[in-house]
Each structure stands twice: as C-alpha cells, then as structure tokens.
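The following note collects points on local geometry, charged pairs and surface features for a colleague's consideration. The points are numbered for ease of reply.

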Amino acid sequence: MKVYCLSEDPNKPCFVIKLKSVTIMLDCGLSAHSVLNFLPLYPIPDWKPNKAAAWIPKNFSDPQIEGELNECMTNQVLVNSAPEFMTPLTKLVDFADIDVILVSNYMTMLALPFITENTGFKGVVYMTEPTLHIGKLFLEELVDFVEQSPKPNVAKYWKEILHLLPPPLCNSFKPHTWKQLYSLAQVNSSLTRVQMISYDQKIEITGALTVTAVSSGYCLGSSNWVIYLESKKLVYVSNTSTLTTHPRPMDQVNLKNADLMLLSSLTQAPAANPDSMLGELCLSVAVTLRNNGSVLIPCYPSGVVYDLFECLSSHLDSTALGQIPMYFISPVAHSSLEYSNILAEWLSQSKQNKVYFPEEPFPHAQLVKSGRLKHFKHVYTDDLWNDLRQPCVVFCGHPSLRFGDVVHFVEYWGTNPQNTIIFTEPEFPYLEALAPFQPLSMKAMHCPIDTSMNFTQANKMIKDLKPAVLILPERYAIPPAGFGHKNEFVIDQVDRKVLTIKRGEVISEKLDIKTVNVPFTTEMVVSVTLNELQSGLKASKFTAVLDTKDNKYKLDILRDDLLANKTTEPYLLETLFKKTYEWGQLDFDRFLRALTNEGVSDPKIEHNTHGYTIHLKSEDTLIQVDDKSTHIFCEKMDKNWRLKLRSIVMECLNSF
C-alpha cells in the first residue's frame, strides 16, 4: 500500500492511497490561508477606502510589476489581484487514475472542482447527504464572494521576484501553484459526480474492497472512513469531536483494532478550550452591547455558527439584552438555516427528540420566527439597510476578511471604538486578517472555537482504538510553533508503529494479506459432504471451478459443458475426476516395503532434524521427506519411473 500526501495543511487534508488495484482520494481540502496575501475585495463597488498605496521594490524599475503590489498603513505589502488558493498537489498523482473520492465533511471538499474538472477524472465521489447539501452552500458562497467584486487585473510577475519582497509575502509557500477560484458552472459539474451514502452503509469499490462511513461527531453528516480489504482493516480519521454539540456523536466502535490508521485534522487551537472561548465571546458581546456598540462576527455559513446563535441568544436573554437583534448575512443564509432543521437523522439524540414533539431542533428557527435573528443575502440589499437597527450582532463571512460582506462591515464600523469584531474561526491569524484595514478604532478579540479533538483527546482515542500502525502529519509529531516542548501538543509515538508524512511525500506500508475469502455457490454447498478423518477433524472432497471477476472469487460446481472441449489434457481430466484425496504424513515403513516390492534393494536412509532422506543409488534418485512435504529429485530420464514413484508416495499417505 502507498500513501500520498497532497496537502500542506493537516486541517485541509488531501491524501491518496493506492492498494491492490484501487486508487482512493481521502478528502480534498482547500487552503485559503494564501488569500491573506491579497488586498480585500469590496462588495460595494463604489466603496473602496484608499488605505493602500502602490508599492515596488527599491531600486527596481521593471514596468511589469507596476500595479501588482500595494503597501498598507501597517507597512505590509499585499497583492492587488483576484485572490488565489493553495490547491492539492497536481503532479504527484494523476487525477484521471482516481477511482473514488471519500469526503469526510463539508469543510474538506472545497477543492473538489479542482480535482474533478478538466483533469480526466472519471471516478465517483462519496459523501453523506448533509455534506453534499451544506458543502454545496459553502462552494456557492465562496464563488459568490469572489465573483461579486471581480478584479480587472491578474497579478503574476510578483511571484518571479519573491526574494525582493518583504515578509510575509517573501515567505509564501510555492505561489506558482496557487490558483484562482473555480466558477459556479464547475461547482455544479463536480457535484454531479457525487453519490450520497448513509452511516454504516457498505460501499463496494471495484470488487476489491469495501468502504463504510461512520459518524465523526464534528458537524452535520461528518464522517470517518473504514476500509476493508480482505482480512485487513484501515481507518481514516478526519475532523472528529468527542464534545456534545448538535451533530450525532462519534462512533468509535467501528474504528477499533485497525491494521492501519491515518489521522488528520486535529484542533487548530490546541491551547483554547471551546467552552471557555464561547463563554468569553458571550461576555464580550454583552459588554459591547451595553456600551451601545455593535458586534461583528466573521463566520462560515454553517457549523459553529449554529451553536453561536443558540448560546449567544440564551446569554443575551439572561442579561436583559434579549431585545438586541442578530443579523445573519450570506448569499446562502436562508438555505443554511432551512437545511439545518430538516436533517434531523444526522443530529444528536437530544436534537432529534425535539423533532417528534414537534419542535424545531435548533433554537434559531424560533429566533427567525420571532424576528430576533434576521437573514439577508448581501450587504448591499436595500432590505438590510432599511431593517438594520443598532446596537446589534452581525454574523457574515468570509473569516479571512479578504472578500464577502464582512469586508464592508469592518470598514463601516471600524472607526467606532465602541464596536467589537470577534474572531471565532482559528484558521486565520486575526492580526494578519485585519492588516489591510488598519488603523482601526474598533476593538478586536480572538476567541477561537474549534470542536475538533485536541492532542490529549486524540492520544486517548488512539490508545482505546489500538491501531497496529499509525500514519499522521509530520506537524503532529512536534509541538506547534510558540509552544516550546510541551508534549501535550503532540501525538504519542509509543506502543505502536508510527509513520509521519508531509506534503509531497509518499510512504509505503506492507499489508500482509494471508487469506482471501472465496464463497461457495448454493449448488456447491449442497454438493459438499463432510467426512470425519479423526476425532474433531472433518473434511470433504469436491471438484469445483474458481470464477474470478472484478476482483471477486467464487467456487462453482464443475459442469459438463466445461469438459466438452476436446483439447482438454488427459492429466487434467484425471485430476478433475479423481476419486481420492491424500492427506497427512508419509507412512515410512509402508513406503520402504513398497520400494522393495518394486525391486529397489539398496535404499540408504539418513535422518535429520526435519525428517529424513532416502537415497536410491541404483535409480539415481533422492527422496527428501519432512513433516509437511515430500521432494523427489530424479536424474533418471524415465517417465514411467517418475510416475511409479509418485504412485508409491500417494499410496503411503492417508486418503478419503
């Protein structure tokens, strides 16, 4: 088996495994961290604050660079172009060879159009129903954000002079591989390749192996994957949570005792407790609102934002701020709120129970009905500005602050020190996100909420699941930057074989498959009769045809039409219609007597640790016998003598 790592970020995973004759891609995450190197796209065309001036390197006069770079008031240099994304590696694996893509959740499918479109991909993509529906919303929102404020120019030359640029731009990771975003048409085309599956449903892949999705507890429809190959079991653990939130809880039973486990997507905020961060967020929101300020929360259109609606509304009620409105702004806001309430089977038991009362599983349904939570498609719609009442709480994207409705609100509210922006997504360093908007008077808070497993939880899980071999990103073997030598932020590498992997690497691991399941047809089962050879041991003799098709094996009875071919060799016919089957060890005394009866009078016997050797000098023959086999070495070019020896050996074995 070979494992290929196509991604730089363990939280935007993309692996390819090749085993037997099948090529499987595990997730296709899209890293958006690269967009922090670009100027923001303003959703309102006429609103373009002049906070960045044109910049070129000192003592550099090439006209190709003009207009490509701008310097912010924080002295950070950004690219003036349409944003570009870090996609999975394209040269390590030919995407046309991929048979299936297994998607764990809607956060790890955002590179799907890059994989399936214009690459020769002919495979199938498997994911759960919520992953498909909500992932589609993420893809559509991302395309809408980028396309609503198109950049007239595409900057390219800056990538040729990285060594002349200031940090962090000069430290960009392989910018030549970055790509501009796909189109909505490509999104729709890629999603036509998706087949929806349920938890615990067994999916057969080209007859060679079986895959099953089990709940990972991270978000609606999120999955871990179990791959069965003959007698071997492989598990892929992506975003996984042991916390009690709105998704169905994690299924650990199906992950136990794997021959190999591939681990990815642990928490991006290892030092931050989600509950503590949520408490700080609620407290900060309440303080800001009491001071007559408004709160801006950059967010994605699904996931943690549902929990924020629930916890924040409850906290505002308890602090006599229940009259404060909340606004959810996204081109897919309405669809996101609707989907979350109809996907009951994928929710936790407590959420599911509410459906049968009947009652909406999420409080935001009631918040919408009561008018406390209002949703709008875009910041530039008249309906929003006719309704907007401050102080308020606004949820909108994108968390990078490089495109989307949030860009306008940062500029609109940034000059008021009473307002607060609170970052909850751990993916983007908040100071880098805010850099092009400085100077800002509004307060900024960082409350990263990541419900994925932390390293302590992951180590406990691995200990409980007991995989024989563990493959993990190289980053998980060393403490993250800024945390020194704290071992609580690494994965333990004791009591098991551990392999690390990083972007562009390929590792091989041998799967020692000793047995293959070969089922009988019904007719074969009926024809078999067991014979007792000795106490507790039964056997049966049968003649069958081994049928091999699509990596599957099957034993069927031998039919007359199969023997109609006149070219069948006599020895094959003899084997097919053989009446007895030999077993057990060679009867030594009986064998010597049979040789004497054949006129062999000079056998020389030598005993050894494994058995014995019989030398027939007159016949120029050597016979080696041990517990499990008999070997005959005959220099005599006499076919009849060879057949006679074979018959003598067979007669001296047990048979049935």
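1. A residue is called buried when its relative accessible area is under 20%, exposed when that area is over 50%, and partly exposed in between. Glutamate 230, at a relative accessible area of 25%, is therefore partly exposed. The structure under discussion is a predicted model, and the remarks below should be read accordingly.

2. The backbone at glutamate 230 deserves attention in its own right. Most residues other than glycine have a negative phi, and most peptide bonds are trans. Glutamate 230 is not a glycine, yet its phi is positive, at about 55 degrees. The residue sits in the loop between strand S14 (223-229) and strand S15 (232-237).

3. Asparagine 75 likewise has a positive phi, of about 70 degrees, without being a glycine. It occupies the loop that runs between strand S5 (69-71) and strand S6 (77-79). With a relative accessibility of 57%, asparagine 75 counts as exposed.

4. Two cis peptide bonds should be checked against the displayed coordinates. In one, the bond leading from proline 167 to proline 168 is cis, with omega near 5 degrees; proline 168 belongs to the loop between helix H2 (129-147) and strand S10 (179-180). In the other, the bond from glycine 397 to histidine 398 is cis, with omega near 15 degrees. Histidine 398 is part of the loop between strand S20 (393-396) and helix H10 (406-413).

5. How many salt bridges does the model contain? With a salt bridge taken as a side-chain nitrogen of Lys or Arg within 4 Å of a carboxyl oxygen of Asp or Glu, the count is 11. Side chains of opposite charge can pair when their charged atoms come close. Points 6 to 8 take up individual pairs.

6. Glutamate 8 and arginine 475 form one such salt bridge, with 3.3 Å between the closest N and O atoms. This pair connects distant parts of the chain, 467 residues apart: glutamate 8 lies in the loop between strand S1 (2-5) and strand S2 (15-19), and arginine 475 in the loop between strand S23 (469-473) and strand S24 (497-501). Glutamate 8 is partly exposed, its relative accessible area being 29%. Arginine 475 is also classed as partly exposed, at 44% relative accessibility.

7. A salt bridge is also formed by the side chains of glutamate 117 and arginine 193, at 3.3 Å from N to O. Here too distant parts of the chain are linked, 76 residues apart: glutamate 117 is in the loop between helix H1 (112-116) and strand S9 (124-128), while arginine 193 is in the loop between helix H3 (184-191) and strand S11 (194-197). Are the partners buried or partly exposed? Glutamate 117 is at 12% relative accessibility and so counts as buried, whereas arginine 193, at 25%, counts as partly exposed.

8. Lysine 374 and aspartate 387 meet through their side chains in a salt bridge of 2.9 Å, N to O. Lysine 374 is located in strand S19 (residues 373-376) and aspartate 387 in helix H9 (residues 382-387), so this pair ties together parts that are 13 residues apart in sequence. Lysine 374 has a relative accessible area of 26% and is partly exposed. Aspartate 387, at 27%, is partly exposed as well.

9. On the surface, Val516, Val518 and Leu546 make up a nonpolar patch, with about 230 Å² of accessible area together. Within this patch, valine 518 lies in the loop between strand S25 (506-508) and helix H13 (522-527). Its relative accessible area of 31% makes valine 518 partly exposed.

10. How do helices H4 and H5 cross? The axes of helix H4 (residues 274-290) and helix H5 (residues 304-318) come within 10 Å and cross at roughly 50 degrees. H4 is therefore oblique to H5. The handedness of the H4 and H5 crossing is right-handed.

11. A final point concerns isoleucine 623, in strand S33 (residues 621-626). Its relative accessibility is 0%, so isoleucine 623 counts as buried. From isoleucine 623 to tyrosine 612 the separation is 11 residues in sequence and 8.5 Å in space, C-alpha to C-alpha.

Technical notes. Residues numbered from 1 in each chain as written. Predicted model: local features only at pLDDT ≥ 70, side-chain atom pairs only at ≥ 80, totals over all residues. Heavy atoms only, no water. Patch = residues over 30% accessible without salt bridge, like charges linked within 9 Å, V, L, I, M, F, W, Y side chains within 5 Å. Areas by Shrake-Rupley, 256 points an atom, 1.4 Å probe, with all protein chains shown as cover. Helix = DSSP H or I, 4+ residues; strand = E, 2+ residues; numbered from the N terminus. Buried < 20%, exposed > 50% of the residue type's maximum accessible area, 1.4 Å probe, protein only. Axes fitted to C-alpha atoms, helices over the stretch in contact; angles between N-to-C directions. Parallel < 35°, antiparallel > 145°, perpendicular 65-115°, else oblique. Left-handed = near helix turned anticlockwise from the far one by under 90°.
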